Structure formats: C-alpha cells, structure tokens
Amino acid sequence: MTEIEPILLNDFKRQWNEIEPKVLEATRRVGRSGWLVLGKEVENFEKALADSWGIGHAVGCANGMDAIEIALRASNPEPGFQVLTTPLSAFATTLAILRAGGHPIFVDTDEGGQIDLDLVEEALGKNPKIRHFVPVHLFGHAIDLQRLKTLSEKYDLFMVEDCAQSIGADSNGQRVGTIGKAAATSFYPTKNLGCMGDGGALLTSSDSIANTARSIRDYGQTTKYSHSIIGMNSRLDELQAAILNDALLPLLDSSTERRRAIAKRFIRELNHPEVLVAPFPKGSNSVWHLFPVLLPNGERRQKLRNHLDAKKVGNGIHYPGLITSQPALTEGAFTKIGEMSVASRFVERELSLPIHPYLTENEVTRIIAAVNQWK
Ligand SMILES: *Cc1c(COP(=O)(O)O)cnc(C)c1O
C-alpha cells in the first residue's frame, strides 16, 4: 500500500527543488565577492524590491519586526508615545511598538479579523494624543487604503503599515504599504516572499525616513564610527539579499497568481455548511498569505482539525489567542479600548487551510474534499 503524502502548510523542500541552481549560483557569487553584510547585493535587492513594489525606497533589515521598530523610531517619538494597533496579529507587531518605546492601544477587529476602522476613527477622535498607527494587512488581504489615507490625513498620523503578510496586495488598485509614512515587510521563510533565514525590509517614499532607517539599522552610524543616533544592529546579509534577488523575488508574481487561483477554487468549491470563508475587506485584491475559514465554535474547530489531521491535510490556527492576553504584556504596558469581543470570537473559530504555491491541483482537490466530506 502506498502511504498518502501529507499536505503541508508550507513546503520548503519543493521550493528548494525549484530554486537550488539559482541559490547556489548566488551563494558562489557572494562568497567570491569577499563582502558579506550590507553591500552591493543588498543595494541591488533593495532597488529591485522598491521597483517591484512601486515605492521610492526599500531598506533591508534583519527581520520584519525590526523594520516596524525602525520605522516608528524614524519618527523620533517621545518615550511612551501612544500607538493604535490591532490585538489580532503576530505578536511581533506589538513587540516592535514596545521595543520602539511606544505604548500600544488596542481596538477590536471586524468579523474578518482585520482592525475595525470605525473603532480606530472613534479612538482617534477621542484621544488627540494618539499620533501613531500600525495597521496590519492580515492574512494577505488589503484593508481599505482609501479609508486609511483619509484617517491618516485627518488625524495627522505617523502610520506604519505592517505588510509582513501582504506583499503585492492592493485595495482598489492601490498597493498596500504606499499610504503610510512607512511600511514593513518580512522575509521569514513562511511569508509570501520568504528568504532562507530571517530578513525584512522597510518601505517608504520619503528620502529622509529612508536615510534615517539606513542609519538606525547600522548602529545609528551616519559615517563610519560616527554614531549620531541610538541605533540597532538590524542589517541584512549579502547572502540573503542575493538569494532573494536571484531566486525568490523573480518568482513572487507567479506564486501570488498561484495562491489566488487556489483561493478561487476554495471559495467556489468549499460547500460544508459549518465552514465559512472568513470575510475579507471590500476592494481587497488579496495575496492569500493564509486561507482562514470560520467554524461555528471552538469545539467544532477541534473536530475538523482532527479530521484533517487524519486525512493528512495540514492546518493551522492564526492565532490561538489575542495579543492582549499574552502573559508578557503586563497591566499598564498597554491600553485596551473595549472588550475585544469580535476578535475573541474570531480566534475561537478560525482555522487556516494550506494555500502555498507548490500545492498541486490534486492536492487542492484533496483539501476541498476533506473539508466537504467532514461529518
Ligand atoms: C511575520 C510577521 C511579522 C514579523 O516579521 P519577522 O520577520 O518574523 O520579524 C510582523 N507582523 C506580521 C503580521 C507578521 O506576520
């Protein structure tokens, strides 16, 4: 009997089969160059990323979390500055705010798990001290960018868009990351543009923010051994930049198209009455980092998980709890506006199906059948 092959949430071995020759060539080039950190490769990759994003500058960083922190620090904020953000994201979003010296303020999400922009507006109207905002384009969806633009102008915000999950997404034709003062993305391997380790980038159309960010990521140096601001060590390796540039960035558009095609099939063919596609923002041309569905409750979700495990269909939960419930966040370190009841319901019910670009049509069929046949 042949064993049924497990369907993974991410399949890095299949990716390696596709990229191996280019990665080896890039590695050889970097090795021969004799230059390993922040050099020509990083510069070339930054240029290629900024061009493909359609934005003035990309600044390579050690990871996506640092890119958010660096963007916030580039605004030269007062210690304890208040930052509006979402309770439903990778913990890194909030951690970056805290590391930058900020005080996170959380508002509830909408039914699809994205920050509720009505509540954002209400909070901004009531508290004029909030001048920073870190919205997250979660799951690969684009939240309403026209609305973000209006809010950010009306309340004169320093907005940093967290695009770690949404590289390439747009809202009615407007790219994510192009509305805020800056944006951040991540090259963590599971992300839509993952590298072979850790990496990230800050995106901005502002020359001065780009310059400040380049200084902060490299010990706050303006010239060699002259430190004009308190910086960090958040440099991108030549190796990661070369691999991204040669092997991974060129695949981004086609892998995004593949994710979209799989999402289309899921939306059309999933028909189990207890499994709903999580709602997503109107106007979002999503890049489907994840494919979240909603179950009636946590118990039914666990039952479906058990069933999918038995069918060897990978599945995940994004996220098992809200950021506001993390033990690391002590009372007083943050403010919660309201009870986060919509977000709480969401995290109890959410389940993510595999949607990586190396899934075959047969595997997509297997995933759909496994869900639809669940009793
Ligand atoms: C992954 C992720 C980050 C952090 O990126 P790292 O490269 O892991 O530091 C931040 N925000 C969101 C929404 C993410 O998914």
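Visitor: Between which helix and which strand is the place of tyrosine 219?
Guide: The model discussed here is predicted. Tyrosine 219 belongs to a loop rather than to a helix or strand. That loop is flanked by helix H7 (207-216) and strand S10 (221-223).

Visitor: What is the value of phi for tyrosine 219, a residue other than glycine?
Guide: Most residues other than glycine have a negative phi. Tyrosine 219 departs from this sign, its phi being positive. The angle is near 65°.

Visitor: Is the peptide bond from histidine 318 to tyrosine 319 cis or trans, and what is its omega?
Guide: Most peptide bonds are trans. The second residue of this bond, tyrosine 319, lies in the loop between helix H10 (298-310) and strand S15 (335-336). The bond from histidine 318 to tyrosine 319 is cis, and its omega is near 10°.

Visitor: Which strands are the edges of the open sheet of eight strands?
Guide: The order of this sheet is S1-S9-S8-S5-S4-S2-S3-S15, and its pairing is mixed. An edge strand pairs on one side only, which is the case for strand S1 (57-61) and S15.

Visitor: Which residue in S4 is the bridge partner of valine 83?
Guide: Strand S2 (residues 82-85) and strand S4 (residues 132-134) run parallel and are joined by three bridges. Within S4, valine 83 has as its bridge partner histidine 132.

Visitor: Which strands are the edges of the open sheet of three strands?
Guide: This sheet has antiparallel pairing and the order S7-S6-S13. Two strands pair on one side only, namely strand S7 (174-175) and strand S13 (284-285).

Visitor: Which residue of S7 is the bridge partner of serine 171?
Guide: Strand S6 (residues 170-171) runs antiparallel to S7, with two bridges between them. The partner of serine 171 in S7 is glutamine 174.

Visitor: In which pocket does the ligand sit, and how many residues surround the ligand?
Guide: The ligand occupies the largest pocket. Its shell divides into five nonpolar, seven polar and two charged residues. Gly64, Met65, Asp162, Ser186 and Lys191 are the closest of the surrounding residues, whose number is 14.

Visitor: Which helices each supply at least two residues of the shell around the ligand?
Guide: Gly64 and Met65 are among the closest residues to the ligand. Helix H3 covers residues 64-73. The helices that each supply at least two shell residues are helix H3 and helix H4 (91-99).

Visitor: What percentage of the ligand's accessible area does the protein cover?
Guide: A polar side-chain atom of aspartate 162 is 2.7 Å from a nitrogen atom of the ligand. Oxygen atoms of the ligand lie 2.6 Å from an N or O atom in the side chain of serine 186 and 3.0 Å from a polar side-chain atom of lysine 191. On its own the ligand has 380 Å² of accessible area, and the share covered by the protein is 89%.

Notes. Residues are numbered from 1 along each chain as its sequence is written. This is a predicted model: local features need pLDDT of at least 70, side-chain atom pairs count only at pLDDT 80 or more; totals for chains, interfaces and linings use all residues. Side-chain values use heavy atoms; hydrogens and water are left out. A residue is near a molecule or strand if one of its heavy atoms lies within 4 Å of it. A polar contact is a pair of N or O atoms within 3.5 Å; within protein, one must be able to donate a hydrogen and the other to accept it, and residues adjacent in sequence count only if both atoms are side-chain atoms. Accessible areas come from the Shrake-Rupley method with a 1.4 Å probe; for residues, only the protein chains shown count as cover. On a 1 Å grid over the protein atoms alone, a cavity is a set of points where a 1.4 Å probe fits but cannot get out, and a pocket is an open set with protein on both sides within 12 Å along at least five of seven lines; lining residues have an atom within 4 Å of a point. A molecule sits in a cavity or pocket if more than half of its atoms lie within 2 Å of its grid points. Helices (H or I, at least four residues) and strands (E, at least two) are DSSP runs, numbered from the N terminus. Ala, Val, Leu, Ile, Met, Phe, Trp, Tyr, Cys and Pro count as nonpolar, Asp, Glu, Lys and Arg as charged, and the others, Gly among them, as polar. Two strands pair if DSSP finds at least two bridges between them.
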